[in-house]
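Good morning, and thank you for coming. I would ask you to look at the sequence and the model on the screen while I speak.

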Amino acid sequence: MRCRWAGRDRGSFTAELAAGLPALLLLLFVGLTAVDAVGAKGACLHAAREAAIAASRGADGRVAARAVAPPDAEVAIDDDDGWVRVTVSAPVRALGARLPRLTVRATTMAAVEPDRAFARQTEAVGRGMGRGGVDQ
């Protein structure tokens, strides 16, 4: 039977911890950034849905999106061919001031409500007509 001296392994835990701790911290930062990005993606999707519904009904979609969008989010609304397409994109800062920002995007579409489509056609016809409905 061989005797082991307590002094031989002295400091091995410290060396292993010093080698493994930066990797664990990096993994923690990446995980927390991913959680933040998923939360921002959900908020962008919610904002895009709200904006698409509001814009399809004839209201201001940007106001509806800004009410629930993450800070510094950009809202783009495209309205053509009876459809409203809303894209909301927001930056997500990684946990560290010097790291680059990630950008998450969400896009939704909604059909234009029939009352709104009718009001648009009436507006277009009304612009071309003079007083009393007679062309000038």
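I shall go through the overall layout, then the sheet, then the helices, and finally a few single residues.

Let me begin with the overall layout. Please keep in mind that this is a predicted model. The protein chain contains three helices and three strands. If we read along the sequence, these elements follow the pattern α-α-β-β-β-α. Of the 136 residues in the protein chain, 23% are buried. One further figure concerns contacts between residues with a separation of 6 or more: 48% of these contacts in the protein chain join residues that are 24 or more positions apart.

I turn now to the sheet. In what order do the three strands stand in the sheet? The order is 1-2-3, the sheet is open, and the pairing is antiparallel. Strand 1, residues 74-80, and strand 3, residues 101-111, are at the edges; each has a single partner strand, so one side of each has no neighbour in the sheet. On average, neighbouring strands of this sheet are turned by 15° against each other, with direction ignored.

Let us take the two pairings in turn. Strand 1 and strand 2, the latter being residues 83-93, run antiparallel and are joined by seven bridges. You can follow this pairing residue by residue. Asp79 has Val84 in strand 2 as its bridge partner, and Val75 has Val88 in strand 2. Strand 1 and strand 2 also form a hairpin, with two residues between them. The second pairing, between strand 2 and strand 3, is likewise antiparallel, and here there are 11 bridges. Val84 appears again at this point, as its bridge partner in strand 3 is Ala110. Val84 is thus paired with Asp79 and with Ala110.

Next, the helices. Helix 1 covers residues 12-56 and lies across strand 2 and strand 3; with strand 3 it makes an angle of about 25°. Helix 1 also packs against helix 2. As a general point, two packed helices are described by the angle between their axes and the distance between the axes. What are these two values for helix 1 and helix 2? The angle is about 155°, and the axes are 7 Å apart. An angle over 145 degrees counts as roughly antiparallel, and helix 1 and helix 2 are therefore roughly antiparallel to each other. The crossing of helix 1 and helix 2 is right-handed.

Which residues make this contact? From helix 1 they are Ala43, His46, Ala47, Glu50, Ala51, Ala54 and Ala55, and from helix 2 they are Gly61, Ala64, Ala65 and Val68. By type, the residues of the contact of helix 1 with helix 2 divide into eight nonpolar, two polar and one charged.

I come now to the single residues, and I begin with two in loops. Most residues other than glycine have a negative phi. Against that background, please find Asp72 and Asp81. Asp72 is not a glycine, yet its phi is positive, at about 65°. Asp72 is placed in the loop between helix 2 and strand 1. With a relative accessibility of 60%, Asp72 counts as exposed. Asp81 also has a positive phi, of about 55°, although it is not a glycine. Asp81 belongs to the loop between strand 1 and strand 2, which is the turn of the hairpin already mentioned. Is Asp81 buried or exposed? Its relative accessibility is 72%, so Asp81 counts as exposed.

Another loop residue is Leu95, between strand 2 and strand 3. Leu95 has a relative accessibility of 39% and therefore counts as partly exposed. Leu95 and Leu32 are 63 residues apart in sequence, while their C-alpha atoms are 7.6 Å apart in space. Not counting residues up to four places away in sequence, Leu95 touches Phe29, Leu32 and Thr33.

My last residue is Ser89, which lies in strand 2. Its relative accessibility is 11%, and Ser89 therefore counts as buried. With its neighbours within four places in sequence left aside, Ser89 is in contact with Cys44, Asp72, Ala73, Glu74, Thr103, Val104 and Arg105. Asp72, whose positive phi we discussed, is thus one of the contacts of Ser89.

Thank you for your attention.

Key. Residues numbered from 1 in each chain as written. Predicted model: local features only at pLDDT ≥ 70, side-chain atom pairs only at ≥ 80, totals over all residues. Heavy atoms only, no water. Pairing = 2+ DSSP bridges. Helix = DSSP H or I, 4+ residues; strand = E, 2+ residues; numbered from the N terminus. Axes fitted to C-alpha atoms, helices over the stretch in contact; angles between N-to-C directions. Contact = heavy atoms within 4.5 Å. Parallel < 35°, antiparallel > 145°, perpendicular 65-115°, else oblique. Left-handed = near helix turned anticlockwise from the far one by under 90°. Nonpolar A, V, L, I, M, F, W, Y, C, P; charged D, E, K, R; others polar. Buried < 20%, exposed > 50% of the residue type's maximum accessible area, 1.4 Å probe, protein only.
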